[in-house]
Amino acid sequence: MAIRRKLIAGMTGLLGFMLSGLVQAASELNMRPGVTETSIEVYELHMMVVWVMVAISVVVFGAMFYSFIFHRKSKHPTPATFSHSTKMEIVWTAIPVLILIYLTVPAVKLLIKMEDASNSDMSVQVTGSQWKWHYKYLENDIIEQEISFYSNLSTPREQYENYETSGAAENVNYLLEVDNHLVLPVDTKVRFLVTAEDVIHSWWVPELAVKKDAIPGFINETWTKVPTPGIYRGQCTELCGVNHGFMPVVVEVLSKPDFAKWLSGKAEEKRIADKTAAAAASQNWDMDKLMVLGKTVYDAKCAACHQVNGAGLPPVFPALKGSAIATTGPVEGHIDIVVNGKQGTAMAAYGAQLTDAEMAAVITYERNAWGNDTGDKVQPADIQAFKAGN
Amino acid sequence: MSDHHPTGITRWFYTTNHKDIGTMYLWFSFIMFLIGGAMAMIIRAELYQPGLQFVEPAFFNQMTTMHGLIMVFGAVMPSMVGLANWLIPMQIGAPDMALPRMNNWSFWILPFAFTLLLSSLFMEGGGPNFGWTFYAPLSTTYAPPSTDFFILGVHMMGISSIMGAINVIVTVFNMRAPGMTLMKMPLFVWTWLITAFLLIMVMPVLAGLVTMMLTDRHFGTAFFDAAGGGDPVMFQHIFWFFGHPEVYIMVLPAFGVVSEIIPAFSRKKLFGYSSMVYATASIALLSFIVWAHHMFAVGMPVAGELFFMIATMLIAVPTGVKVFNWVATMWQGSLTFETPMLFSIAFVILFTIGGFSGVMLAMAPVDFQYHDTYFVVAHFHYVLFPGAIFGTTAAVYYWFPKWTGKMYNEAVGKTHFWLSMIFVNLTFFPMHFSGLAGMPRRIPDYNMMFADFNMWASIGAFGLGFTQLFFFVTIIMAIRGGKKAEEKQWDGATGLEWDAMTTPAPYHSFSTPPKVD
Amino acid sequence: MTEQAQENKKLIKRLLAIVGGMFIFAFALIPLYNVFCDITGINGKTGGQALYQNVDIDKSRVVTVEFLININRGMPWKFESQVKMIDVHPGELNEVIFYAKNNSKFDIVGQSVPSVAPGEAALYLNKTECFCFDQQKLMAGEDIEMPMKFYIDADIPEDITRLTLSYQLFNITDSVNANNSASVATK
């Protein structure tokens, strides 16, 4: 008998140990604590629930395994006849209620804290669209001039289409890298105003414990305050169409002096970009130059939906090869749809995402590639004129 | 005389016999299970390694969507209706369901509805690709043309479910044998009665919702379009008002099955029968006020988040009561571990694990880190596969001898069990970890930090897929060449179907109602 | 009809009533949801036109109202507020001018959709005049100044010191034309 008892104790202990081993904090099996006060509190609450669940499972499954061994027919041929015990029922209703209260109280406190975006030091509007993020820093004491840019996945298509042969396995940030990071200053309460342009997206950075859905037509508020400089990566977490898995979030947190430098760098960058665009726009481009730039832009920005061969995925992503828009239709209509996008479809407004030269080139490319051969040439100046309403 | 039945293929088209219809539902659901499972194989093949190896993202989204729709509406729900049809009349001493012809229509709508749904995969623009939860505006403005067929399919399937539920309620209320009071009914009948009420209340809401989708798409309304004054979030409220009771619809009958099988193989009455009834009813009532726990990240005000968090955590209480009652049934019993018992025990353990991740998900501040990740996928697969599906599997093994008069091979059954047990855990347990590590749902490709978990899940999935074929062979072998079953195969079994009926059950049973004391 | 069948029929009628009722409930959820949002102000939905009468001004408090503009795709308009933010006293009626210009060669009908963050603050924002109440038609090249008049309830909670009002501008020309041609067709 004593041996049996030791056996039970040993097995229950082993089971508990194995379960707890599985939820070791340090290993890659668990959620990361992250870097903000919020994320660490979330992690701690998570661990608390996990331990409570482990404890409950040890008791409940322990009782079951005990029965399997000691109440099996061969060992326990005469079954008991009880099927009722009001006392036990009360006990095992009351104890779970108490456990739940124990879990709920800290959860309520933490939730209220997490949803309080007031008294922030700066604000960034986050807009999700198919399939990229857009960030707009709102003007205030810290941000002198509004800054806005798109943030696109920068992992080359070659890597995800040919994972084995393209060296993608060496890319540690595969599918988690973008062309323009959301850069934020350290120790600053940043408020995010999250919205979307087309379907529902969701903005999530696990190490900041920030997740908020982006709803078209509505703004949602959330916030973070990051005490440690670093790069933090997340992904879109609401199915938003074909490239839902290909629109990551990258937040780069800099020290305050570095952030100030970045700000002035951004302003300078905009000045240079505007100058370059203006210069390019004033030139007359020949067909070869347009087609070369056009193909580069097309393959990078348009091929995801319209396909490299122009065939598209109709009817949601129309074909450009042989389509009226790119051949018989007026050039102006073609320019309109590229610059302004099309409401109610995944075709975004590229007027804000490409330079005039890039748009001129890609439209020229679309009108001449794949056998479209219209011979049309669109100049950057034409795009400029169109945007001005002439 | 009571065994005389029609022959030929038209028997199946015209039958109004609850046993025939139950058989058709079960076979239909199994075929759907294999089709939905094949889609899961495609998903897991693509996710076996990082990179896009087998399918394009557009097709992948169709697979995840259709896998969910087929499993929820084509496999789990019809399998439960199949069990209801076979068992409810026998367990209450009734000769058949109350509305036998409506019963036939309820079934035959389904092959049409699902042919329509599956054919949408071959239409221009592909099939539904917006997730089984089909949130607007992805499913309205930005959806492929086949969506209208999806809507029609949902309507048809909904009508089938509503008719089936009405049939169950009328049968249970009006056709019990004299002496069979409500509180003497087997728990399986109770859980189905409650499930039927859930069905008649929420399936019409789903019907209203997809109708609104249809008018948004084609008739100029803007229920879910901000530009027209609508609200995409309202879609989610209406959907989950249906969706949460729906998940209880899928699992309550399994609770009933397990509540029959565990007492039989413990040779001991079910512990706390009346608590089990009240707990099931509480779960059903509470299921109406927790829907927005699927929407914590949507931008709800704090007051709403707090309400739904607390209400959701409350559901753990009656669910816990049921688990404890099953454990107490086994305690001090006299247990044997035939295949039905193995599946039922696995149900209790693994459904409870799914319940643990459910409590974790209910806690809103932490849910922000789990929402729309593989942690959620792990949770619902635990409650659905080793939950609902193991429950149905246990039922099939348990009642097989009564239905067919033959016995399946116990060693083969046990093998099926152990294969299922190993592979279901190998497939879905790692998903807790990939979710905690940060892997979102519904993505065809991922960063290498998620690679190991995905590899194990895919290996498990391939094994789990193979195991279903094993199950199929087991059943066919038993039907064709199984040994003759005992009159009462399980010595611990109780109930009218075991004690007041011959084996196999006659084609027309209880033409005269049995006496119940 | 047998007694059993009669019993069944009674019950079936009741059950079908539940089914029908729940179907209607699904549609009723729309106005119910709107009423709920109106009363509680949650979800950031602002209400319809308000009146400014007998309103006390609380000069001791200042609330910052910030304006965000988003122009949706397919909408080649310039659309901006003349000020990016304004400090107001609760109860005080203020006016902010918005400017819109149709930069394209086509006549376009636009609709602005407002949304407020934090959501709870929407209850306290009252607009007496807003272009967002109506559709806005601009001919090709036309521009317009649109005033928006609002006041914030004096009983807005102390902890709300800033409100962000976002306008998303949508091109609804197609749906307006579809509705018009539909009504023409039925005449």
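Helices here are DSSP runs of at least four residues, numbered from the N terminus. By that numbering, Thr36(A) falls in the loop between helix 1 (2–22) and helix 2 of chain A. The model is predicted. This briefing covers the contact of chain C with chain A, a contact between two domains of chain A, and two buried residues, Thr36(A) and Ala326(A).

**Chain C against chain A**

- On the chain C side, 30 residues are in contact with chain A, and chain A answers with 40 residues.
- About 2400 Å² is buried between chain C and chain A. Carbon and sulfur atoms give 44% of that area.
- Six salt bridges are counted between the two chains.
- One salt bridge joins the side chains of Arg191(A) and Glu66(C), at 2.5 Å from N to O.
- Polar contacts link 15 residue pairs across this interface, with both residues at pLDDT 80 or more.
- Three strands of chain C each supply at least two residues to the side that touches chain A: strand 1 (63–71), strand 5 (108–117) and strand 9 (162–171).
- Strand 9 of chain C gives the most to that side, with six residues.
- By class, the side of chain C that touches chain A holds 12 nonpolar, 11 polar and seven charged residues.

**Domains of chain A**

- Chain A is split into domain 1 (2–115), domain 2 (122–270) and domain 3 (282–389).
- Where domain 1 and domain 2 of chain A are in contact, domain 1 provides 10 residues and domain 2 provides 12 residues.
- The area buried between these two domains is about 870 Å², and carbon and sulfur atoms give 54% of it.
- Arg32(A), Val35(A) and Thr36(A) supply 54% of the area that domain 1 buries against domain 2, more than any other three residues.
- Two salt bridges cross the interface of domain 1 and domain 2 of chain A.
- Lys212(A) forms a salt bridge with Glu115(A), with the closest N and O atoms 3.1 Å apart.
- Four residue pairs are in polar contact between domain 1 and domain 2 of chain A, both residues at pLDDT 80 or more.
- Helix 2 (37–70) and helix 3 (86–114) of chain A are the elements that give two or more residues to the domain 1 side.
- Helix 2 of chain A gives the most to that side, with three residues.
- The domain 1 side divides into three nonpolar, four polar and three charged residues.

**Thr36(A)**

- Thr36(A) has a relative accessible area of 2%; the cut-off for buried is under 20%, so this residue counts as buried.
- A polar atom of the Thr36(A) side chain lies 2.9 Å from the backbone nitrogen of Ser39(A).
- Leaving aside neighbours within four places in sequence, Thr36(A) is in contact with Glu207(A), Leu208(A), Thr224(A), Lys225(A), Val226(A) and Pro227(A).

**Ala326(A)**

- Ala326(A) sits in the loop between helix 6 (287–306) and helix 7 (331–340) of chain A.
- Ala326(A) is buried, with a relative accessible area of 0%.
- Residues up to four places away in sequence aside, Ala326(A) touches Leu320(A), His334(A), Glu366(A), Arg367(A), Asn372(A) and Thr374(A).
- Ala326(A) and Glu366(A) are 40 residues apart along the chain, yet their C-alpha atoms are separated by 6.2 Å.

Key:
Residues numbered from 1 in each chain as written. Chains lettered and ligands numbered in written order. Predicted model: local features only at pLDDT ≥ 70, side-chain atom pairs only at ≥ 80, totals over all residues. Heavy atoms only, no water. Contact = heavy atoms within 4.5 Å. Buried area = accessible area lost by both parts, 1.4 Å probe. Salt bridge = Lys/Arg side-chain N within 4 Å of Asp/Glu carboxyl O. Polar contact = N/O pair within 3.5 Å; in protein donor to acceptor, adjacent residues only side chain to side chain. Nonpolar A, V, L, I, M, F, W, Y, C, P; charged D, E, K, R; others polar. Buried < 20%, exposed > 50% of the residue type's maximum accessible area, 1.4 Å probe, protein only. Domains from an automatic or database assignment.
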